[in-house]
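Here's a quick tour of one protein model, written for someone who'd rather look at the picture than read a table. Keep the viewer open as you go.

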Amino acid sequence: MSLTTIILAAGKSTRMLSLKSKILFKISAEPIIQHVYNAAKKIKSDDIICVLSNPPVELTKFIKENNIKSALQKKPSGTADAVKSALKKIPSKRNNNILILCGDVPFISSQSLNIMLKKLTQSDLCLGTFNQANPKGYGRVIRDGHKVIKIVEEKDASEKIKKVTEINTGIICIKEHVLRKYIGKINNNNKQKEFYLTDLIALLSDNNHKISTYSIKDELETMGINSKKDLVDLERKLLVKKATNLLNKGVLIRDVQRTDIKGDLKVQKDVDIDINCIFEDKVTIGSNSTIGHNCYLNRCKIGKNVHIKPNTIIFGATIGDNCIVGPYARIRPGAVLKNNSQVGNFVEVKNSTIGSGTKINHLSYIGDATLGSNINVGAGCITCNYDGEKKYKTVIESNSFIGSGTRLVAPVTVAKGSYIAAGSTVTKDTPGGGSLTIARSKQVSIPKWKSKTIKGKK
Ligand code: UD1
Ligand code: MG
């Protein structure tokens, strides 16, 4: 049995009150549609096709970049019509299952989808449902005893039906030949004058087809995004859940409401995370480390006994054991801080290795540089790595001392055990071995300066 997944994403996004396509809005650091697409890929669909209508440039770009197949629904006139557009694009196959996902229900899990596909082997259609205490806006699943007989959309529902709490999640899997047989029979006799895919249920039920349902356990998997309010509500619920899971596993997350784990955060024992921290992509933190408030960590590895002080940004970097970083440090891609090093306030490090025991504590820029161990970089030092065309490397060998306000004009090497006088502009390699390099104009003091220059004044 093969599987084709259709992602419906051609709606008008009217309730979003935006000029942008709703499925491109980011939730948990990725566009809504990306999450749906990832789920479809995870269950090993043989084919994935996304239904679009007048896609804006950014959406076309996204579809192209991700190599997603698409079908055009000329005029969005309902979910059944969207499915029809997709069916036109795929050759009819025997023994094929079709999984229909909504482009605006981002967190459906591959586990739930696999259960539904299993249930489909014993039925003609499997419907993903959820028992929603606050079902407003969703289609209601109507049963006669245990048997599902129809779905009624919110806008067409009577007061009695509105009280039904079993909702349609919008996720349906169906045998392809059954879908092709009935899809054309759906009409638009409803309040919205739309062709509802959900009318399939009544058609199949009336024609004695077996309909199975799977009641999805986790509310977050079923929540659809129709408005910005839906988007932020769902994102907050997801983030609180992720933070609470870690708290329950022993990570001291000071406030689960104010900790945004948007990617995959792996943490060892006794890690302490203060408020307002954001974690994106893959982040690992070693045992006994602390993350101060307002930190942003993206794609990085933090060692053991590390203290990341408040307001620090670390993106694409590796921090060794026992390091101290921040407050207000910016550690950029390609930065490697070896064990026991320190990078302090208002220091930016890019594509550089900082050796063990080396300290750069105040107001500096270190880019495209290799620093050995036990170096002290004074306040306000700059590696001048760019001449307007190319980037060049700075090397500072171990046990050197770089005085405050030094500019190292790359390419340049500061040899082992060099001392650089404060305020130097170093353009040539230094000899090292305990020598002092002074590269600044000599200080002169001109006597009686005031009386010479300001004439007439005493
Ligand atoms: C739909 C279901 C509803 C369910 C809910 C779950 C229908 C008629 N209703 O309602 O039972 O509870 O999802 O979230 O199916 N789309 C198209 N072309 C169209 C119209 C919509 O591709 O012509 C796409 C939308 O982009 C969206 C998805 O289909 O991704 C669902 O459409 P939407 O308008 O959001 O339907 P809901 O009102 O949420
Ligand atoms: Mg919707």
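## Y419 and its patch

Let's start with Y419, keeping in mind that this is a predicted model. Its relative accessible area comes out at 40%. Buried would need under 20% and exposed over 50%, so Y419 counts as partly exposed. You'll find Y419 in strand 37, which covers residues 419-420.

Y419 also has company: together with F401, L436 and I438, Y419 makes a nonpolar surface patch of about 400 Å².

## The sheet

Strand 37 belongs to an open sheet of 11 strands with parallel pairing. Follow the strands across and the order reads 12-15-17-19-22-25-28-31-34-37-39. Strand 12 (252-253) and strand 39 (436-437) sit at the edges. Each of these two has a single partner strand, so one side of each has no neighbour in the sheet.

Zoom in on the strand 12 edge and you'll see what holds the pairing there: strand 12 runs parallel to strand 15 (residues 272-273), and 2 bridges join them. Look for L252, whose bridge partner in strand 15 is D272.

## The largest pocket

Now for the largest pocket, with a volume of about 1,600 Å³. Its lining takes in 47 residues, and the closest to the pocket centre are R15, K22, D104, G137 and N226.

Which elements give two or more residues to that lining? They are helix 3 (79-89), strand 10 (166-175), helix 8 (219-222) and helix 9 (228-248). Strand 10 gives the most, with 4 residues.

Terms used
Residues are numbered from 1 along each chain as its sequence is written. Chains are lettered from A and ligands numbered from 1 in the order in which they are written. This is a predicted model: local features need pLDDT of at least 70, side-chain atom pairs count only at pLDDT 80 or more; totals for chains, interfaces and linings use all residues. Side-chain values use heavy atoms; hydrogens and water are left out. Patches are made of residues with over 30% relative accessible area and no salt bridge: like charges are joined within 9 Å, nonpolar side chains (Val, Leu, Ile, Met, Phe, Trp, Tyr) within 5 Å. Accessible areas come from the Shrake-Rupley method with a 1.4 Å probe; for residues, only the protein chains shown count as cover. A salt bridge is a side-chain nitrogen of Lys or Arg within 4 Å of a carboxyl oxygen of Asp or Glu. Buried means under 20% relative accessible area, exposed over 50%, partly exposed in between (1.4 Å probe, protein chains only). Two strands pair if DSSP finds at least two bridges between them. On a 1 Å grid over the protein atoms alone, a cavity is a set of points where a 1.4 Å probe fits but cannot get out, and a pocket is an open set with protein on both sides within 12 Å along at least five of seven lines; lining residues have an atom within 4 Å of a point. Grid points are joined across faces, edges and corners, and a volume is the space filled by probe spheres set on the points.
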